[in-house]
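Hi everyone, thanks for making time. I'd like to walk you through a structure that may be new to you, so here it is on the screen.

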Amino acid sequence: MTQPPITVRRARTTDVPKIVDLVEPLVARRILLGKERVDLYGAVQEFRVAETADGTVVGCGALHVMWEDLGEVRTLAVGDEWLGHGVGHALLTALEADARELGLSRLFCLTFEVAFFGRHGFEDMGVETVDPELYAELVRSHDEGVAEFLDLARVKQNTLGNTRMLKVL
């Protein structure tokens, strides 16, 4: 049986409990880092959700701006029964369009899903570093995603087993 079509739209505050329901099983399996509900509400404008015609949210993802040209794809999650049906692709396509609209030229992600992101043009960053002036600016951030991008020691527990990937838009 084929899955019904999905629509990707901006998230609303009423979607936060649905986002939590999608993300919590992945947090329990240590695939995604957990986020407090209060933080999800605070970042709701960064999120897109994928929903079916009846309004069932089956996927989510966020775009977080890190610097003038750099954004991070965060909390990309798809319900297990929807894996392999193009939901992740549709969400990532929307997030990339948002990034371009904001003037970003690079996207970062920290992921176990290397094959998925690789199919979408992301490449393993390896030990890539940024120029010293930019590093000095970014290192001041309290944002965990920035710390993960810079591969700072204080976030090593978050990054173990994950791959830091980058895409030039």
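Let's start with who touches whom. Take the contacts in the chain with a separation of 6 or more: 68% of them are between residues 24 or more positions apart. Keep in mind as we go that this is a predicted model.

How many helices and strands does the chain have? Seven helices and seven strands. If you follow along the sequence, the pattern reads β-α-α-β-β-β-α-β-α-β-α-α-α-β. The chain has 169 residues, and 48% of them are buried. As for the outside, the accessible surface is about 9,100 Å², and carbon and sulfur atoms account for 54% of that.

Okay, on to the largest pocket. The space in there is about 1,200 Å³. Its lining takes in 49 residues, and the ones nearest the centre are Ile31, Leu32, Thr75, Leu76 and Leu110. Which strand gives the largest share of that lining? That would be strand E4, residues 70-78, with seven residues. And if you sort the lining by class, you get 22 nonpolar, 14 polar and 13 charged residues.

Now for the charged pairs. As a reminder, side chains of opposite charge can pair when their charged atoms come close. In this structure there are nine salt bridges, and I'll pick out a few.

One of them joins Asp98 and Arg48, with the closest N and O atoms 2.7 Å apart. This pair links distant parts of the chain, since Asp98 sits in helix H3, residues 87-102, while Arg48 is in strand E2, residues 47-52, and the two are 50 residues apart. Are these two buried or exposed? Both Asp98 and Arg48 are buried.

Another one pairs Arg106 with Asp69, and here the closest N and O atoms are 3.2 Å apart. Arg106 belongs to strand E5, residues 106-111, and Asp69 to the loop between strand E3 (57-67) and E4, so this salt bridge ties together parts that are 37 residues apart in sequence. Arg106 has a relative accessible area of 14%, which is under the 20% cut-off, so we call it buried. Asp69, at 22%, comes out as partly exposed.

Then there's Asp15 with Lys18, whose side chains meet in a salt bridge at 3.9 Å, N to O. Asp15 is buried, with a relative accessible area of just 1%, whereas Lys18 is partly exposed at 34%. And those two have company: Arg9, Asp15, Lys18 and Glu51 are linked in a network of salt bridges.

Last stop, Thr163. You'll find Thr163 in strand E7, residues 163-168. Why does Thr163 count as buried? Because its relative accessibility is 16%, and buried means under 20%. So what is Thr163 in contact with, leaving aside its neighbours within four places in sequence? The list is Cys109, Leu110, Thr111, Val114 and Asp124. You've met Leu110 already, as one of the residues nearest the centre of the largest pocket.

If you take a few things away, make it these: the contacts between residues 24 or more positions apart, the largest pocket with its 49 lining residues, and the network that links Arg9, Asp15, Lys18 and Glu51. That's me done, thanks for listening.

Notes:
Residues numbered from 1 in each chain as written. Predicted model: local features only at pLDDT ≥ 70, side-chain atom pairs only at ≥ 80, totals over all residues. Heavy atoms only, no water. 1 Å grid on protein atoms, 1.4 Å probe; cavity = no way out; pocket = protein on both sides within 12 Å on 5 of 7 lines; lining within 4 Å. Points joined across faces, edges and corners; volume = space filled by probe spheres on them. Helix = DSSP H or I, 4+ residues; strand = E, 2+ residues; numbered from the N terminus. Nonpolar A, V, L, I, M, F, W, Y, C, P; charged D, E, K, R; others polar. Buried < 20%, exposed > 50% of the residue type's maximum accessible area, 1.4 Å probe, protein only. Contact = heavy atoms within 4.5 Å. Areas by Shrake-Rupley, 256 points an atom, 1.4 Å probe, with all protein chains shown as cover. Salt bridge = Lys/Arg side-chain N within 4 Å of Asp/Glu carboxyl O.
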